Structure formats: C-alpha cells, structure tokens
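Could you walk me through this chain, from its fold to its surface? A short tour with one small table would be welcome.

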Amino acid sequence: MTKPIADTKRAEDATEAPPLSASVRRHLGKNLRSHYADSLTEPVGERLEALIGRLDTLQDRATRD
C-alpha cells in the first residue's frame, strides 16, 4: 500500500526539522519503556497463541526437511 503524494515528506523537509533535545528524548524513552513493559505482562490472546503455534509447527517442519 502506498501513501498519497500529499502525505509523504520530501527529503528537504526532513533535514529542516530540529533534533529533539536530550530531555525530550529521555522523557519519550522512559514513557515508551513503561508502556511496553506493561504490555509484556499482559496475557497473549487465544488467537495469537494459535498463530504462534502454527508458526512453530511450520518452522519445525522446515528444519526437518
């Protein structure tokens, strides 16, 4: 799937944006780590567990061949 031309950034625009300050990067990093740490403790849904099982089975078959 491709983005419409109006939604894509040009290379020149990307270089003009100022970098994030160290304090902003620390704040974002802390919040992202906190968010993902919480999600790792949540149980995996039945559908996702079944898909992972299928992938494991396919991988086992591929390594035996």
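The report below covers confidence, helices, surface and annotation in turn.

Please keep in mind that this is a predicted model. The mean pLDDT over the chain is 82, and 77% of the residues reach at least 70. Confidence varies between the elements: H2 has the highest mean pLDDT, at 92, while H1 has the lowest, at 60. Where pLDDT is low, the predicted coordinates should not be read in detail.

The secondary structure is simple to describe, with three helices and zero strands. Along the sequence this gives the pattern α-α-α. The helices and their residue ranges are as follows.

| Helix | Residues |
|---|---|
| H1 | 11-16 |
| H2 | 22-40 |
| H3 | 46-64 |

Helix H3 invites a quick check of its geometry. Its 19 residues should span 27 Å at 1.5 Å a residue, and the end C-alpha atoms are indeed 27 Å apart, so the two values agree. As for cover, H3 has hardly any, with zero buried residues among its 19.

How much of the chain as a whole is buried? Buried residues account for 2% of the 65 residues. The chain exposes about 6,700 Å², and carbon and sulfur atoms supply 57% of that area.

One part of this surface deserves a closer look. Leu 20, Val 24, Leu 28, Leu 32 and Tyr 36 form a nonpolar surface patch, and together they have about 470 Å² of accessible area. Leu 20 sits in the loop between helix H1 and helix H2. Is Leu 20 buried or exposed? Neither label fits: Leu 20 is partly exposed because its relative accessible area is 48%, and that class lies between the buried limit of under 20% and the exposed limit of over 50%.

Finally, the record adds a label. An unreviewed UniProt entry annotates residues 25-56 as "domain: Anti-sigma factor NepR". In the model, this span is 84% helix and 0% strand, and its end C-alpha atoms lie 37 Å apart.

Terms used. Residues are numbered from 1 along each chain as its sequence is written. This is a predicted model: local features need pLDDT of at least 70, side-chain atom pairs count only at pLDDT 80 or more; totals for chains, interfaces and linings use all residues. Side-chain values use heavy atoms; hydrogens and water are left out. Helices (H or I, at least four residues) and strands (E, at least two) are DSSP runs, numbered from the N terminus. Buried means under 20% relative accessible area, exposed over 50%, partly exposed in between (1.4 Å probe, protein chains only). Accessible areas come from the Shrake-Rupley method with a 1.4 Å probe; for residues, only the protein chains shown count as cover. UniProt positions are given in the numbering used here, feature names are shortened, and annotations may be inferred rather than shown by experiment. Patches are made of residues with over 30% relative accessible area and no salt bridge: like charges are joined within 9 Å, nonpolar side chains (Val, Leu, Ile, Met, Phe, Trp, Tyr) within 5 Å. A salt bridge is a side-chain nitrogen of Lys or Arg within 4 Å of a carboxyl oxygen of Asp or Glu. The expected span of a helix is 1.5 Å times one less than its number of residues. pLDDT is the predictor's confidence in each residue, from 0 to 100.
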